[in-house]
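Thanks for coming. I have one structure to go through today, and I will keep to what can be read from the coordinates.

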Amino acid sequence: MDTDDLRLLAGYLEKRGLQVVVNEPDMRLLATNPLNSRLSEEITATGDRYVTSFDYEIGEHGRETECAERIAQMLALGPLSVHGRSA
């Protein structure tokens with residue numbers, strides 16, 4: 001995984017309405033809900049995985065779109081799912 005992958009994930013997060021700051025040397029980004037700055041999450045690229053600051057695995061390299069959906073849901077900007085269906 002390289003910085004291009006991290007920037008790709010950041011772009012998907014921005015398209016979902018999150019504010020994103022990328023720290024390329026450390027291979028991490030900070031995603032924040034623009035309506036509530038307390039809703040934020042630091043994501044690191046560890047090996048071929050994206051992981052939160054609490055060691056929650058978000059997904060793997062090559063699946064940045066799905067990772068962005070999971071992060072947006074965690075930060076209250078993604079579609080809610082009720083019994084496997086979008087609400």
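I will start with the overall layout, then take the two helices, the core, and a few individual residues.

First, a caution: this is a predicted model. The secondary structure comes to 2 helices and 7 strands. Along the sequence, the order of elements is α-β-β-β-β-β-α-β-β. The protein has 87 residues, and 32% of them count as buried. If you take the contacts with a separation of 6 or more, 34% of them come from residues 24 or more positions apart.

Now the helix α1. This helix has 13 residues, and from its first C-alpha to its last it reaches 18 Å, close to the 18 Å expected at 1.5 Å a residue. Which residues of α1 are buried? They are D5, L6, L9, A10 and L13. These residues are on the same side of α1, because they cover an arc of only 140° around the axis. As a reminder, an α-helix has 3.6 residues a turn, so residues three or four places apart point the same way. The cover over the buried residues of α1 includes the strands β1, β2, β3 and β4, and also α2.

The two ends of α1 each have a detail to look at. At the start, a side-chain oxygen of D2 comes to within 3.0 Å of the backbone nitrogen of D4. Just after the helix, G17 has a positive phi of about 95°.

One more residue in α1 is G11. G11 is partly exposed, with a relative accessible area of 23%. The cut-off for buried is under 20%, so G11 does not count as buried. G11 and T65 are 54 residues apart in sequence, while their C-alpha atoms are 9.6 Å apart in space.

Next, the helix α2, which covers residues 64-74. Its buried residues are E64, C67, A68, I71 and A72. Down the axis of α2 these fall within an arc of 135°, so they line one face of the helix. Among the elements that cover them are α1, β2, β3, β4 and β5. After the end of α2 comes A76, with a positive phi of about 65°.

That brings me to the core. How many residues does the largest nonpolar core have? It has 18, and those with the most contacts inside it are L9, L13, L18, L29, Y50 and I71. At least two residues of this core come from each of α1, β2, β3 and α2. Two of the residues just named, L9 and L13, are also on the list of buried residues of α1, and I71 is on the list for α2. I71 can be followed further: leaving aside neighbours within four places in sequence, I71 is in contact with L9, L13, L18, A31, I43 and I58.

On to the strands. β1 and β2 pair in the antiparallel sense over 5 bridges. Within that pairing, V22 has L29 in β2 as its bridge partner. The hairpin has 4 residues between the strands. M27 lies in this loop and has a positive phi of about 55° although it is not a glycine. For context, most residues other than glycine have a negative phi. Is M27 buried or exposed? M27 counts as buried because its relative accessibility is 16%, and the cut-off is under 20%.

D55 is a second residue other than glycine with a positive phi, here near 65°. D55 sits in the loop between β4 and β5. At 68% relative accessibility, D55 counts as exposed, whereas M27 counts as buried.

Last, T44, which is in strand β3. T44 is buried, at 13% relative accessibility. Its side chain makes a polar contact of 3.3 Å with the side chain of T46. Not counting residues up to four places away in sequence, T44 touches M27, R28, R49, Y50 and V51. That list includes M27 from the hairpin loop and Y50 from the core.

To close, the points to keep are the buried side of α1, the buried face of α2, and the core of 18 residues to which both helices contribute. I can take questions now.

Methods: Residues numbered from 1 in each chain as written. Predicted model: local features only at pLDDT ≥ 70, side-chain atom pairs only at ≥ 80, totals over all residues. Heavy atoms only, no water. Core = buried A, V, L, I, M, F, W, Y, C linked by side-chain atoms within 4.5 Å. Buried < 20%, exposed > 50% of the residue type's maximum accessible area, 1.4 Å probe, protein only. Contact = heavy atoms within 4.5 Å. Expected span 1.5 Å × (residues − 1). Arc of directions from axis to C-beta. Polar contact = N/O pair within 3.5 Å; in protein donor to acceptor, adjacent residues only side chain to side chain. Pairing = 2+ DSSP bridges.
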